Amino acid sequence: MRSAAIFPLSPTASCTGIRTHERVFHMNIKVLVADDEQIICEVVKLYLELEGFTVYTAYDGEQALTIAEKHQPDLLLLDIMLPKVSGWEVCKNIQYPVYIIFMTARSLEKDKVTGFLLGANDYIIKPFSPRELVTRVKTVLRGVGISEYQ
């Protein structure tokens with residue numbers, strides 16, 4: 001049995017031990033995290049930065065659109081129920097090709113279907129594990145050929 005002190009549960013830990021050598025993402029992959037709950041933005045940002053992503057945060061839809069226009073992130077992590085401009089509207093108003101994962105408390109099938117019809121690549125329901133979210137980000141990017149992660 002492995003000791004927790006030797007094999008800590010961290011963003012870079014796995015069931016086979018610590019795998020920091022797998023951080024093969026390019027430093028230029030940019031992610032925008034948009035959620036009105038600051039703690040969610042900060043935790044997600046921390047986990048993504050530990051994997052080598054450049055991360056921007058926004059706490060409402062207007063900020064998300066402004067940051068997206070300025071920095072053109074490769075992937076958006078959007079809450080649907082953002083203040084000022086909803087995540088749905090942010091998704092509709094992005095003016096360049098981008099990958100989108102909705103992260104929301106809205107768990108109804110119609111909400112998921114709407115998200116995918118608007119162009120989302122994935123949809124994760126709150127509460128979620130930050131490690132699962134990072135894995136979903138990597139999977140979306142790997143699926144479209146942006147990442148070298150295997």
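Start by selecting Thr-57, which sits in strand 4, residues 54-58. Keep in mind that this is a predicted model. Is Thr-57 buried or exposed? With a relative accessible area of 19%, Thr-57 counts as buried, because the cut-off for that label is under 20%. Now show what surrounds Thr-57: leaving aside neighbours within four places in sequence, you'll find contacts with Leu-32, Val-33, Cys-41, Glu-42, Lys-45 and Ile-67.

Two of those names, Leu-32 and Ile-67, also turn up at the next stop, where they touch Pro-73. Select Pro-73 in the loop that links helix 2 (61-71) to strand 5 (75-78). Pro-73 is buried too, at 1% relative accessibility. Not counting residues up to four places away in sequence, the other residues Pro-73 touches are Lys-30, Val-31, Ala-68, Tyr-96 and Val-98. While you're here, draw a distance from the C-alpha of Pro-73 to that of Tyr-99: you should get 8.9 Å, for a pair 26 residues apart along the chain.

Last stop: colour helix 1 (residues 38-50) and helix 5 (residues 130-143). Their axes come within 10 Å and cross at roughly 55°, which means helix 1 is oblique to helix 5. The crossing is right-handed.

Which residues meet there? Show sticks for Val-43, Val-44, Tyr-47 and Leu-48 on helix 1, then for Pro-130, Arg-131, Leu-133, Val-134 and Val-137 on helix 5. Sorted by class, this contact has 8 nonpolar residues, 1 charged and no polar ones.

Key: Residues are numbered from 1 along each chain as its sequence is written. This is a predicted model: local features need pLDDT of at least 70, side-chain atom pairs count only at pLDDT 80 or more; totals for chains, interfaces and linings use all residues. Side-chain values use heavy atoms; hydrogens and water are left out. Axes are lines fitted to C-alpha atoms, for helices over the stretch in contact, and angles run from 0 to 180 degrees between N-to-C directions. Helices (H or I, at least four residues) and strands (E, at least two) are DSSP runs, numbered from the N terminus. Angles under 35 degrees count as roughly parallel, over 145 as roughly antiparallel, 65 to 115 as roughly perpendicular and the rest as oblique. A crossing is left-handed if the near helix is turned anticlockwise from the far one by less than a right angle, and right-handed if clockwise. Contact means heavy atoms within 4.5 Å. Ala, Val, Leu, Ile, Met, Phe, Trp, Tyr, Cys and Pro count as nonpolar, Asp, Glu, Lys and Arg as charged, and the others, Gly among them, as polar. Buried means under 20% relative accessible area, exposed over 50%, partly exposed in between (1.4 Å probe, protein chains only).
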